[in-house]
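I opened a fresh notebook page for this one and wanted to see how its pieces pack together. Here is what I looked up, in the order I went.

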Amino acid sequence: MDLSEDVRAAHKRTFLKFFEQTEYNIELKKSLDLMFTQNRRRCIVNLSHFYHHREGADLARRLLQTPSEYMQPLCDAVTDMARSMNAKYLKEGEQILVGLEGPFVSRRVTPRELLSGFYWFHGLRRGHCHQM
């Protein structure tokens with residue numbers, strides 16, 4: 001599914017607004033600082049912080065239900081934050097990859113309980129953000 005530029009930009013603005021209006025902004029900046037010191041291009045976003053706010057809980061739900069629509073805008077938002085913190089860190093066209101950690105479902109699940117239909121979850125869990 002190709003995501004229109006307007007939808008992608010709107011989702012990116014939603015993530016940026018959430019980061020700016022909550023204390024998660026501080027946590028994300030700490031994660032980006034750690035990423036800078038380790039000279040990496042991957043930032044881990046903790047979903048548990050999203051659930052402390054109504055807007056964040058809705059964003060986390062949408063991210064997990066339709067990752068193809070929300071992962072790229074999340075990567076775009078985190079990349080913008082990284083560029084605003086350290087303009088020289090990324091070369092032109094480079095992007096931060098986003099990994100997710102935290103609660104993914106409302107109940108505990110063991111690997112044996114997962115069905116083959118959940119293979120998309122493996123890629124999402126590993127946090128790969130692909131260009132669409």
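**Entry 1: α2 against α4.** I started with this helix pair, keeping in mind that the model is predicted. The axes of α2 and α4 cross at roughly 70° and come within 10 Å. Since angles of 65 to 115 degrees count as roughly perpendicular, α2 is therefore roughly perpendicular to α4. I noted the hand of the crossing too: α2 and α4 cross in a right-handed way.

Which residues make the contact of α2 and α4? From α2 I listed N25, L28, K29, L32, D33 and F36, and from α4 I listed V78, M81, A82 and M85. Sorted by class, this contact of α2 with α4 holds seven nonpolar residues, two charged and one polar.

**Entry 2: a closer look at L28.** I picked L28 out of that list and asked for its partners, leaving out residues up to four places away in sequence. L28 touches V78 and M81, and also F19, C43 and V45.

**Entry 3: the core.** Next I pulled up the largest nonpolar core, which has 31 residues. Which of its members touch the most other members? They are F19, L28, L32, F50, L74, V78 and L100. Two or more residues each come from α1 (5-21), α2 (24-37), β1 (42-46), α3, α4 and β2 (97-101). The largest share is that of α4, with eight residues. I jotted a reminder in the margin: in soluble globular proteins, nonpolar side chains tend to be buried together.

**Entry 4: α3 against α4.** I then turned to the other α4 pairing on my list. Helix α3 covers residues 54-65 and helix α4 covers residues 67-85; their axes are 6 Å apart and the packing angle is about 120°. That angle makes α3 and α4 oblique to each other. The crossing of α3 past α4 is left-handed.

On the α3 side the contact is made by R62, L63, L64 and Q65, and on the α4 side by P67, Y70, M71 and L74. I counted classes here as well: six nonpolar, one polar and one charged. L74 also appeared in my core entry, among the members that touch the most others.

**Entry 5: stepping back.** Last, I looked at the whole chain. The protein chain has five helices and two strands, and along the sequence they follow the pattern α-α-β-α-α-β-α. Of its 132 residues, 38% count as buried. I also checked sequence separation: among contacts with a separation of 6 or more, 72% join residues 24 or more positions apart.

Terms used. Residues are numbered from 1 along each chain as its sequence is written. This is a predicted model: local features need pLDDT of at least 70, side-chain atom pairs count only at pLDDT 80 or more; totals for chains, interfaces and linings use all residues. Side-chain values use heavy atoms; hydrogens and water are left out. Axes are lines fitted to C-alpha atoms, for helices over the stretch in contact, and angles run from 0 to 180 degrees between N-to-C directions. Helices (H or I, at least four residues) and strands (E, at least two) are DSSP runs, numbered from the N terminus. Angles under 35 degrees count as roughly parallel, over 145 as roughly antiparallel, 65 to 115 as roughly perpendicular and the rest as oblique. A crossing is left-handed if the near helix is turned anticlockwise from the far one by less than a right angle, and right-handed if clockwise. Contact means heavy atoms within 4.5 Å. Ala, Val, Leu, Ile, Met, Phe, Trp, Tyr, Cys and Pro count as nonpolar, Asp, Glu, Lys and Arg as charged, and the others, Gly among them, as polar. A nonpolar core is a set of buried Ala, Val, Leu, Ile, Met, Phe, Trp, Tyr and Cys residues joined through side-chain atoms within 4.5 Å. Buried means under 20% relative accessible area, exposed over 50%, partly exposed in between (1.4 Å probe, protein chains only).
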